[in-house]
Amino acid sequence: MAIENWVGKELETLTAFRRDLHQNPELLYDTVRTAATVAEALRAAGVDEVVEGIGRTGVVGVIHGHSNKSGRMIGLRADMDALPINEATGKPWASKVPGKMHACGHDGHTTMLLGAAKHLAQSRAFDGTVIVIFQPAEEGGAGARAMIEDGLFTRWPCNEVYGMHNRPGMPVGEFTIAPGPIMGSVDEVRITIEGRGGHAAKPNETIDPLPVAATIIQSVQTIASRTIDPMDNAVVSLCTMQAGNAFNVIPQTAEITGTVRALREEVRDQVEARLKSLVENIASGFGATGKVDYIRHYPVTVNHERETDLAAQAAQEVAGVDRVDLEMAPVLGGEDFSFMLNEVPGAMINIGNGPSAGLHHPEYDFDDDVIGWGCSYWTTLVRQRLPAA
Ligand SMILES: [Zn+2]
Ligand SMILES: [Zn+2]
């Protein structure tokens with residue numbers, strides 16, 4: 001129970017690696033430098049095969065154990081992309097790129113998986129194959145899906161896949177996980193209301209889209225409160241409204257955008273159907289037309305039960321039974337590891353990042369003290385899931 005011994009001699013290098021990534025953040029699929037840095041480090045570590053360009057800028061490393069009697073393969077995944085935020089940490093390793101920063105700790109995720117890959121390539125003390133997956137575009141670009149569509153799991157048919165995210169507010173050296181839905185689906189809603197524009201002094205000759213929009217905004221509040229089972233979860237947040245550009249002109253159209261979150265696919269379907277029905281019928285009641293573009297971004301992140309237990313066992317071996325919370329409360333934020341969990345059994349665990357600012361905050365920073373815990377979790381998980389034959 002504790003950080004594994006091998007981490008000690010690597011910690012300085014890994015910390016420098018993390019801070020270099022932090023200084024050079026890249027967004028979405030533009031993780032060109034990050035991917036090249038990762039690929040180079042994997043090759044230098046003696047990883048058997050390093051494949052770049054999976055899902056545009058994704059990187060896959062293949063590490064064979066001493067033996068392969070089991071024929072088993074497990075995937076470990078990290079994300080590499082940053083966010084369009086101006087960093088305000090004032091740290092010596094703060095972002096060198098204005099308007100971009102690693103505010104979700106993906107620099108730390110990448111570093112921890114790289115550290116584990118280095119150790120696994122050196123020790124080889126397992127039976128089977130480990131695939132390390134470094135994906136781009138977690139923050140809204142569905143990089144995980146891009147890698148899957150590019151043949152990730154057909155080229156490397158993993159038996160299990162695991163992910164990890166840091167959690168601010170939870171002490172360093174602690175983990176939390178739970179089976180079932182742990183993060184929400186993420187959908188985008190675009191509502192277009194088409195009326196008839198005209199002179200503001202002659203509203204009777206127009207179909208004013210603004211009262212239609214106002215009624216829609218009020219009415220969608222009843223979806224979560226009146227339509228969805230109170231024991232389920234749903235959020236409908238309408239966040240922008242655009243209409244008109246002059247004080248004396250009734251505009252032709254109004255546009256509303258927002259997001260829908262849910263923890264079950266059935267609830268997601270229900271919200272979509274109800275939203276469309278409300279918008280279309282309210283608009284037609286006013287003599288206008290209403291249309292909903294409902295764009296599905298990320299599915300619900302659902303941890304598989306067996307693999308959740310297995311991930312928890314690895315975390316418990318590293319951190320101790322008392323420092324692994326097995327009842328992680330679900331949140332309605334989204335995570336594109338959900339696409340991988342829909343293909344291959346697996347689980348995502350959260351690792352404590354201490355009392356840092358929250359994720360996506362300009363003062364957030366990944367705590368380098370977490371690196372040792374995350375590396376130890378990965379290598380312990382491999383030792384347990386692919387025991388040496
Ligand atoms: Zn994020
Ligand atoms: Zn993240």
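Student: How many helices and strands does the protein chain have?
Tutor: We're looking at a predicted model here. Along its principal axes, the C-alpha trace spans about 80 × 45 × 40 Å. Counting the elements in the protein chain gives 10 helices and 16 strands.

Student: Which domains does the domain assignment give?
Tutor: The centres of the two domains, taken over C-alpha atoms, are 38 Å apart. One of the domains is written in two pieces of sequence, 5-182 + 300-385, and the other is 185-297. Those are, in that order, domain 1 and domain 2.

Student: What classes of residue are on the side of domain 1 that touches domain 2?
Tutor: Start with the contacts: seven residues of domain 1 meet 10 residues of domain 2. Sort the domain 1 side by class, and no charged residues turn up there. What you find is five nonpolar and two polar residues.

Student: In what order do the eight strands of the open sheet stand?
Tutor: The pairing in this sheet is mixed. β1 (49-54) and β15 (324-325) each have a single partner strand, so one side of each has no neighbour in the sheet. That puts β1 and β15 at the edges, and the full order reads β1-β2-β4-β3-β5-β16-β6-β15.

Student: Which residue in β5 does L76 stand opposite?
Tutor: Look at strand β3, residues 73-79, and strand β5, residues 160-167. They pair in the parallel sense over four bridges. Opposite L76 in β5 you'll find Y162.

Student: What angle does the direction of helix α10 make with that of β5?
Tutor: Helix α3 (residues 106-123) packs on the sheet too, with its direction at about 145° to that of β3. Helix α10 (residues 370-385) touches β3, β4, β5 and β16. Its direction makes an angle with that of β5 of about 165°.

Student: Where does the largest nonpolar core lie, and why?
Tutor: This core has 104 residues, and L113, A117, A311 and A315 have the most contacts inside it. Helix α10 gives the most to it, with eight residues. Both domains give residues to this core, so it lies between domain 1 and domain 2.

Student: Which residues is A117 in contact with, leaving aside its neighbours within four places in sequence?
Tutor: A117 is one of the residues with the most contacts inside the largest nonpolar core. Setting those sequence neighbours aside, its contacts are L42, A45, V47, G61, I63 and V132.

Student: How many residues are in the second, separate core?
Tutor: Buried residues make up 48% of the 389 in the protein chain. The second core includes L83, M101, C104 and Y364. Its full count is six residues.

Technical notes. Residues are numbered from 1 along each chain as its sequence is written. Chains are lettered from A and ligands numbered from 1 in the order in which they are written. This is a predicted model: local features need pLDDT of at least 70, side-chain atom pairs count only at pLDDT 80 or more; totals for chains, interfaces and linings use all residues. Two strands pair if DSSP finds at least two bridges between them. Helices (H or I, at least four residues) and strands (E, at least two) are DSSP runs, numbered from the N terminus. Two residues are in contact if their C-beta atoms, placed from the backbone, lie within 7 Å. Axes are lines fitted to C-alpha atoms, for helices over the stretch in contact, and angles run from 0 to 180 degrees between N-to-C directions. A residue is buried if 20 or more other C-beta atoms lie within 10 Å of its own, exposed if 12 or fewer, and partly exposed in between; C-beta atoms are placed from the backbone. Domain bounds come from an automatic or database domain assignment. Ala, Val, Leu, Ile, Met, Phe, Trp, Tyr, Cys and Pro count as nonpolar, Asp, Glu, Lys and Arg as charged, and the others, Gly among them, as polar. A nonpolar core is a set of buried Ala, Val, Leu, Ile, Met, Phe, Trp, Tyr and Cys residues joined through C-beta atoms within 7 Å.
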